[in-house]
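Thanks for coming. I have one structure to walk through today, so please look at it on the screen while I talk.

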Amino acid sequence: MGAELFGRLREQHVLEGLLQSVRSGQSRALVLRGDAGSGKTALLGHLAGRAGPARVLRVSGIESESEIAYSVLQQLCAPLLDHAGVLAEPQRAALHTAFGLATGPAPERLLVGLGVLGIFAEAARRQPLVCIVDDAQWVDDASALILGFVARRLSAESVGLVFAVRGAGVLEGLPELAVDGLPYADARALLDSVLTGPVQSHVRDRIVAETRGNPLALRELPRGLTPAELAFGFGGHSTAPLDSRMEQGFQRRIAALPAPARTVLLVAAVEPVGNPRLLWQALDRLGLGPEDAAPAEADHLIEFGAQVRFPHPLVRSAAWSSGSAAELRDVHAALAGVTDPQTDPDRRAWHRAHAALGTDAEVAAELEHSAGRALARGGWSAAAAFLERAAELTPDAGRRGELLVSAAGARADAGAYALVPGLLTAAEMGPLDPLARARVESLRARVAFRMQHGRAAGPPLLAAARTLQTLDPAAARDTFLMAVGAAMYAGRFGADDLRRAATAARDAPGAGDGFPDLLLAGLVSWVLDGREVAAPALNRALDAISSDEDVTHVWLAAAVSYEMFRPDLAYRLTERAVRLARDSGALQLLTDALSIRANSLIDAARFADAADLLTEADAVSEATGATVYQLSRLHLAGYIGPETEVRELFEAKIEDAVARGDGRLYSLATRSRSLLFNGLGDYPAAVEAAQDTYANGELALASWVLRELVEGAAYAGDAGLAVQARDLIAERAAVTPTRTARGLLALASALAGDEPERNFADAVALLSAPETAMQGHRARLLFGEWLRRQSRRTEARTELRAAYEALSGIGARFLAARAERELTAAGEAVHRRPGGRRAELTSQETAIAQLAVTGRTNAEIAAALFLSPRTVEWHFRKIFTKLGITSRRDLATALRTG
């Protein structure tokens, strides 16, 4: 196999290294990225030929199958499903539903990903496994999502996962190997091997230059050209893309075949799986037999074996494009006739749909059923494709519009937002009833919200809510809640929009007494009536949280909890939200819950745990392909630095917020800047940033930034401003006199010069609860600084030492450095904490060890951290070695003493 490769020593070396790693018990993923014809498929063939003793599974993405959810993943996993018995029941059920082997609700992508990871790991226990995916740019979205997730989670399973991709934008972030054109000498040697007659040297040089060393082009473009044509460089200079010209070369070869052989290639191109039995049955229906395939096989345009394969995707494309519309309909009809309606109803419906000429209500109904099955598997893109084709075939104009609206909804759920407007416009061209029109407006608003979280999101959501309020009150309430929340996120860039949304929501009829209704009523009152009037309603809403459905509103409920100075409730609520999301596999909730939970952990002085959750949120984001609004990163960055990078981060976020009209992001960046500058001792800058944040009165942020403002003003020498900030905190504490509110007021009073000793002591006591431990550490630092300025050095050292130990222990570098300076000034030499055993653990190893201490099994840890159980076992060996222990029983002690 290797002898057929010209000039690919570097690539062969990389692939051999991957195989050695897999054979030695490690896992590796690799993306071969290059233009059409660059040699990726040949390299995959080389890899497969050298993979022994590993088991090789090889599949290809096919453009016509790119809308069918999990089609490639199913082909890849089918030989491994006998290992599914080792999976947890939710994962096994998710796999079976995704692959159409069982019915049930749409499986969560995370559970499917964990299931695939599990069967890969189990199969590799017996024999190393190499999975090869060619033409990954045509892999359906669902399969690509799961394969990318699995590739990033593989570690110690003896699994190799290798993709070949044309172009950018697919599977980015994985290790890559660029497959470029051949070097000049190798390109000349390859060209010489295929030329059938003498060609002048300068013409050969031109061919090499024009093909840019592309191996397939060098092999295929000269075929069928006369010496005279070759003398002019393929019959004259062409500006067509190289892949187009190579496809044209294949088309010329196909056109030279007998008509029956061309039909064989056309059927093989349309039949996506490469099933030889299905191919021969379809050909039989068309009056053709194996002898008709011989000319195409002799010309190396098709290969027959356990699978029917084309030597290159461009051959499939050329064969497909060589068929007329009538010929394609005949081929689809033949394939529909031989596809089993019981075991493969969706492909049968797809073929029937493309065999139809004009409208066909029966086929349209069949496609609707296929769309339902696709949705049950979480295949939003496939469902959309079925619905779109059903709309084309439906004779009833009203029904056509409803199908297009449903297709648009499926496209939106699939994240294909760019396709939604066109579908909605097409739907509006026909008659729609009022509810369908309301769905159109709602979908447009939803897309606006997903694509732009700034000011542009609010008005469309508000319009949709108004339209829905007389048609579907429950949907209207949820949309009003989203509209108000979106306007809050617009913040300083959408104050008028926020009042309009709140006013419209207040006037909407039909408010209930459930948590979402109370939350909406409380937020509306907060906007229109002010905090003092709204506080009882907001607290009633928080107290009404009872069901799992209520917890899904954690993105707003946590902010309200902080506004009401109830971080203890936010702490419990975010913990519950994370647990619920993990248990149910609800990924959208999980991304929100992890990010907001990280904020609670930061306030609880659990920085390492917060960082682990943010890492986990990234993993979920990668698994789903979604983006996550991780405001916690800025909060954590304000404490831990490094300074230069954090300053640049804040500036970049502020610029991004201005560009997108995202006022909440802007205010969170300025609030985190005030925190950073107080830690650095740049108090005038802290005051400026805090005033900027407070001026816009945003939910939770304005109330909590007053704590930064009073500290910055007091240390900057602006006693008047410090008193003003203290008074603002006092007003809020009077309305919501929680333990936290009273602690913040005591701290502000001490900083403003009001009975400092008593108030500092009260602040330390009140803010040292687990949920506000970070504020407790900071209060202790401020108390120690005040004691030192009073020349009470012995007492100051007690407070400062405690603050330094706590702050340095969690990694709050700026505040720890400030405590260290104060301790030195108070006359105590600081002995910096040595790096202990726990510091040697990576973030992932720490997370695994902490979960093990809570009693979780390897399988449970693997599910929580999106790993395979085998990878967890591998990490435990490293953890035990680093901590010097031999059993899980010793983990808790080692983590505490390390």
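I will go from the overall picture to the sheet, then the cores, then a few single residues.

What you see is a predicted model. Its mean pLDDT is 86, and 90% of the residues reach 70 or more. pLDDT is the predictor's confidence in each residue, from 0 to 100. Among the elements, helix 39, residues 739-751, has the highest mean pLDDT at 97, and helix 44, residues 837-840, has the lowest at 47. Two stretches deserve caution. Over residues 231-239 pLDDT stays under 50, and the model gives that stretch 17 contacts beyond four places in sequence. Over residues 834-839 pLDDT also stays under 50, with ten such contacts. Where pLDDT is low, the predicted coordinates should not be read in detail.

Now the overall build. The protein has 48 helices and five strands. Its C-alpha trace spans about 100 × 65 × 55 Å along the principal axes. The radius of gyration is 32 Å, which agrees with the value near 29 Å for a compact globule of 898 residues. Buried residues make up 55% of the 898. If you take the contacts with a separation of 6 or more, 68% of them are between residues 24 or more positions apart.

Next, the sheet. In what order do its five strands stand? The order is 2-3-4-1-5; the sheet is open and the pairing is parallel. Strand 2, residues 55-60, and strand 5, residues 176-178, are at the edges with a single partner strand each, so one side of each has no neighbour in the sheet. On average, neighbouring strands are turned by 15° against each other, direction ignored.

Let me go through some of the pairs. Strand 2 is joined to strand 3, residues 129-134, by six bridges, and the two run parallel. In that pair, V59 stands opposite V133. Strand 1 is joined to strand 4 by six bridges, again running parallel, and there L30 stands opposite V162. On strand 5, strand 1 has three bridges, also parallel, and L32 has L177 as its bridge partner. Strand 1 is mostly covered, with five of its six residues buried.

Part of the surroundings of this sheet is helical. Helix 2, residues 40-50, packs on the sheet and touches strand 1, strand 2, strand 3 and strand 4; its direction makes about 165° with that of strand 3. Helix 6, residues 141-153, lies across strand 1, strand 3 and strand 4, at about 135° to strand 4. In the loop between helix 2 and strand 2 you will find P53. A cis peptide bond joins G52 to P53, with omega about 5°.

On to the cores. Which residues touch the most other members of the largest nonpolar core? They are F120, F163 and L523, in a core of 195 residues. Helix 5, residues 109-126, supplies the largest share of this core, ten residues. Apart from it lies another core of 35 residues, including M246, L279, A296 and V338. Back to F163: leaving out residues up to four places away in sequence, F163 touches L30, V31, L32, V133, A136, L147, A151, L171 and L174. You have already heard L30 named as the residue opposite V162, and V133 as the one opposite V59.

Last, a few single residues. R818 is in helix 43, residues 813-825. Is R818 buried or exposed? Its relative accessible area is 3%, and the cut-off for buried is under 20%, so R818 is buried. Among the residues R818 touches are N678, G679, Y683, E711 and E785. G679 is 139 residues away along the chain, yet the C-alpha atoms of R818 and G679 are separated by 7.0 Å.

There is a second cis peptide bond to point out, between G641 and P642, with omega about 0°. P642 is in the loop between helix 33 and helix 34.

Finally, two residues with positive phi that are not glycine. F565 has phi near 55° and lies in the loop between helix 29 and helix 30. S791 has phi of about 65° and is in the loop between helix 41 and helix 42. F565 is buried, with a relative accessible area of 3%, whereas S791 is exposed, at 61%.

Methods: Residues are numbered from 1 along each chain as its sequence is written. This is a predicted model: local features need pLDDT of at least 70, side-chain atom pairs count only at pLDDT 80 or more; totals for chains, interfaces and linings use all residues. Side-chain values use heavy atoms; hydrogens and water are left out. A nonpolar core is a set of buried Ala, Val, Leu, Ile, Met, Phe, Trp, Tyr and Cys residues joined through side-chain atoms within 4.5 Å. Buried means under 20% relative accessible area, exposed over 50%, partly exposed in between (1.4 Å probe, protein chains only). Helices (H or I, at least four residues) and strands (E, at least two) are DSSP runs, numbered from the N terminus. Contact means heavy atoms within 4.5 Å. Two strands pair if DSSP finds at least two bridges between them. Axes are lines fitted to C-alpha atoms, for helices over the stretch in contact, and angles run from 0 to 180 degrees between N-to-C directions. The radius of gyration is taken over C-alpha atoms; the globule rule is 2.2 Å times the number of residues to the power 0.38.
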